[in-house]
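Student: Could you take a close look at one part of this protein with me? I'd like to go through it slowly.

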Amino acid sequence: MSLYLKYRPKTFDEIVGQPDAVKLMKAIVAQNPEDRPKVFLFGGASGCGKTTLATVFARAIGCDPDHSNFTVMDASKDRSIDRIRELCDMMGTRPIGKEAQARIFLLDECHQLLKPAQEALLKKCEDTPPQTIIIFATTEPDALGKALRSRCKIITINPMSNKSIYDNLNRVIKAEGIKIDDKDVIKIARASDGNTRVSLQILENYMLNGMNADNAISMCGGMGEELKVDTIEICRIIVGKRQNEWEKVAAFCVKYKGQGESARQAILGYLRSCILKSTTMKDRMRFATLIEVFSVPHYDCSDAALPMQIAFALEV
């Protein structure tokens, strides 16, 4: 079992980094079932704990997330109107078991629901059947239709802070008996970008990949600290048009063979910052051209793609 699933919170008290959301959900659980909101919208970045909060809430009201009382639909994979109508027909049926206070329907990635599907849900959300709870979860709450959104109790789930990620990593490290330097724990926390799931995936890679934090981070599509620092230097060479420092570029491309896509994305981020800070039209046009040079991803290209792009960029 992956570390993320093994250490996934099962109670509100085990959830870290979301004090406001937890406090609110605890208060809702304490209400009489008849007085609770029936429709929720959990909004927040990927990996911040939306689905986890839904399953913890389910357990708190006697609804086992592994039972048929808890139904999950991933709208990124199945968003058809027929599937939504099927769910609507299921809503209102009594939960199975004496302890279950409701049947819960979790619609994940709900911003991808087609307009007819959202319209089909409007009636159910406006007049929710007894013992039925609907939870919409999304990384893009504003993309959900206004009419549907207005019928929801909105719970905002914030990205995890580096401190919360760091503390959670150390909790898992202690439980698993993993030997790791604190500086590597800090690296992993920073590279996780507020995503608990990613942080534990990186930790797993660390355990399986020779206890090297930078390699573990790059395997998850992130950037190790060394790669990040070296990429900034390459960006300065590009922006400064320092063509006489090609040896540094060549050494960089050899050193980070296989990680060209991570470097390309970092260069794009640097150039975006440059264009936003530029003060003349001439500079803005140059940065726009540089951004265009690095706009083609490397996924289907050879390791020649990055040095080729940098070479073109040094001529701009």
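Student: Which residue lies over the face of Y4, and how far is it from the ring centre? After that, please take me into the largest nonpolar core.

Tutor: Sure, and keep in mind that this is a predicted model. The residue over the face of Y4 is R197, at 5.7 Å from the ring centre. Now for the core. The largest nonpolar core has 25 residues, and M25, F40, F42, L53, F57, I104 and I135 are the ones with the most contacts inside it. Several elements feed into this core: helix 2 (19-30), strand 1 (39-43), helix 3 (50-60), strand 3 (103-108) and strand 4 (132-138) each supply at least two residues. Helix 3 gives the largest share, five residues. That fits a broader pattern: in soluble globular proteins, nonpolar side chains tend to be buried together.

Let's zoom in on F57. Leaving out residues up to four places away in sequence, F57 touches F12, M25, I28, V29, F40, I104, I133 and I135. With a relative accessible area of 0%, F57 is buried, and F40 counts as buried at 0% too.

Next, the rings. The whole structure holds two aromatic pairs. F40 and F57 make an edge-to-face pair, with 5.4 Å from centre to centre and 65 degrees between the planes. F40 lies in strand 1 and F57 in helix 3, so this pair ties together parts that are 17 residues apart in sequence. Add F42, and you have one aromatic cluster of F40, F42 and F57.

Note on methods: Residues numbered from 1 in each chain as written. Predicted model: local features only at pLDDT ≥ 70, side-chain atom pairs only at ≥ 80, totals over all residues. Heavy atoms only, no water. Core = buried A, V, L, I, M, F, W, Y, C linked by side-chain atoms within 4.5 Å. Buried < 20%, exposed > 50% of the residue type's maximum accessible area, 1.4 Å probe, protein only. Helix = DSSP H or I, 4+ residues; strand = E, 2+ residues; numbered from the N terminus. Contact = heavy atoms within 4.5 Å. Phe/Tyr/Trp six-rings, centres within 6.5 Å; stacked < 30°, edge-to-face > 60°. Lys NZ or Arg CZ within 6 Å of the ring centre and 35° of its normal.
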